[in-house]
Amino acid sequence: MTVTPDGTPTETAEPTFRSEVTVELVKHTASDSDVLWAARVSTAGEQSLEELSKDPERSKGLINYLMRDRHGSPFEHNSMTFFISAPIFVFREFMRHRVGWSYNEESGRYRELEPVFYVPGESRKLVQQGRPGKYEFVEGTPEQQKLTTRAMEDSYRQAYEAYQEMLAAGVAREVARAVLPVGLYSSMYATCNARSLMHFLGLRTQHELARVPSFPQREIEMVGEQMEAHWAGLMPLTYAAFNANGRVAP
Ligand SMILES: Cc1cc2nc3c(=O)[nH]c(=O)nc-3n(C[C@H](O)[C@H](O)[C@H](O)COP(=O)(O)OP(=O)(O)OC[C@H]3O[C@@H](n4cnc5c(N)ncnc54)[C@H](O)[C@@H]3O)c2cc1C
């Protein structure tokens, strides 16, 4: 319950808690033929478009060669736009990827933020063991799981109530939002090409085929896995070559 400046009591929206992230592919022009077309212009010039479907084995071989020898620019002539819903702490990591990415995120200045908050699901390993640079995550005990859920939910409720109290008293959204935690869900459009996506996936997923292992936070990896599944369907030859060459972006 909060009170408006004229003293009217109002109900505060009840927070909801989520454990998953969502990734929707909203727009794309991305196919293996975009890579082949761009690569073949070097040798075939304007003829390259007609050549594309003539010899599938040669096409597969060319994509693999480009990936292996890190000829990266042919992988840039395509575009994928994702709509992503995830906690703010994921976006904070995500936006460190500067090259070949465009972002637009919902605003906490122009609209009131919805009370949707992240709580780890049961499959999220809670306990970190080992030394920095060489640690692993293991299951938490039922008590740790219960504590985490309770502590997070209590803290989210309290923060959102304070936010609502300030808004009801006439404080600007851009000021009041300072009390909201990084577990709050946000949403954004993120547009990339296959080359920038591969660089992202190399760093933000853990994969048995990775030649250079990375140890990303699980929640950004969950976003990466969904983007990877969309991309694999659009560009199967490029995706196979990425895996076959140790998941290193060309
Ligand atoms: C597991 C993990 C842990 C991390 N921990 C931390 C942390 O503790 N603290 C922290 O601050 N960050 C951390 N990061 C973020 C990390 O340092 C990078 O900012 C992030 O991964 C983006 O990578 P990038 O710069 O290669 O990508 P992009 O910004 O997309 O750049 C792509 C490539 O372009 C080139 N490039 C881009 N900008 C420049 C430039 N200014 N000069 C020269 N070359 C450039 C580089 O070759 C770069 O690899 C972590 C990342 C991972 C994956």
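Which residues does UniProt list for "binding site" (unreviewed entry)? The listed positions are Glu93, Phe94, Met95, Arg96, Glu105, Glu106, Ser107, Gly108, Arg109, Arg177 and Arg204. They span 112 residues in sequence and the farthest two C-alpha atoms are 29.5 Å apart, so they do not all gather at one spot. UniProt positions follow the numbering used here, feature names are shortened, and annotations may be inferred rather than shown by experiment. The structure is a predicted model, in which local features need pLDDT of at least 70 and side-chain atom pairs count only at pLDDT 80 or more, whereas totals for chains, interfaces and linings use all residues. Residues are numbered from 1 along each chain as its sequence is written.

A further "binding site" annotation in UniProt, also from an unreviewed entry, covers Ser73, Arg96, His97, Arg98, Glu105, Asn193, Ala194, Arg195 and His199. These positions are spread over 127 residues of sequence and reach up to 27.6 Å between C-alpha atoms. Ser73 is located in the loop between α3 and β5 (79–87), and Glu105 belongs to strand β6 (residues 101–105). Helices (H or I, at least four residues) and strands (E, at least two) are DSSP runs, numbered from the N terminus.

The ligand is surrounded by Arg96, His97, Arg98, Val99, His199, Leu203, Arg204, Ser214, Phe215 and Pro216 (C-beta atom, placed from the backbone, within 6 Å of the molecule). This shell comprises 4 nonpolar, 3 polar and 3 charged residues (Ala, Val, Leu, Ile, Met, Phe, Trp, Tyr, Cys and Pro count as nonpolar, Asp, Glu, Lys and Arg as charged, and the others, Gly among them, as polar).

Helix α7 (residues 194–204) and helix α8 (residues 218–234) cross at roughly 140°, and their axes come within 10 Å (lines fitted to C-alpha atoms, for helices over the stretch in contact, with angles from 0 to 180 degrees between N-to-C directions). This makes α7 oblique to α8 (under 35 degrees is roughly parallel, over 145 roughly antiparallel, 65 to 115 roughly perpendicular and the rest oblique). In α7, Ala194, Leu197, Phe200, Leu201 and Arg204 meet Ile220, Glu221, Gly224, Met227, Glu228 and Trp231 of α8 (C-beta atoms, placed from the backbone, within 7 Å). The residues of this contact divide into 7 nonpolar, 1 polar and 3 charged.

Helix α3 (residues 56–68) packs against helix α9 (residues 236–244) at an angle of about 45°, with the axes 9 Å apart. That angle makes α3 oblique to α9. Ser59, Lys60, Ile63, Asn64 and Met67 of α3 meet Leu237, Thr238, Ala241, Phe242 and Ala244 of α9; the contact contains 6 nonpolar, 3 polar and 1 charged.

Technical notes
Contact = placed C-beta atoms within 7 Å.
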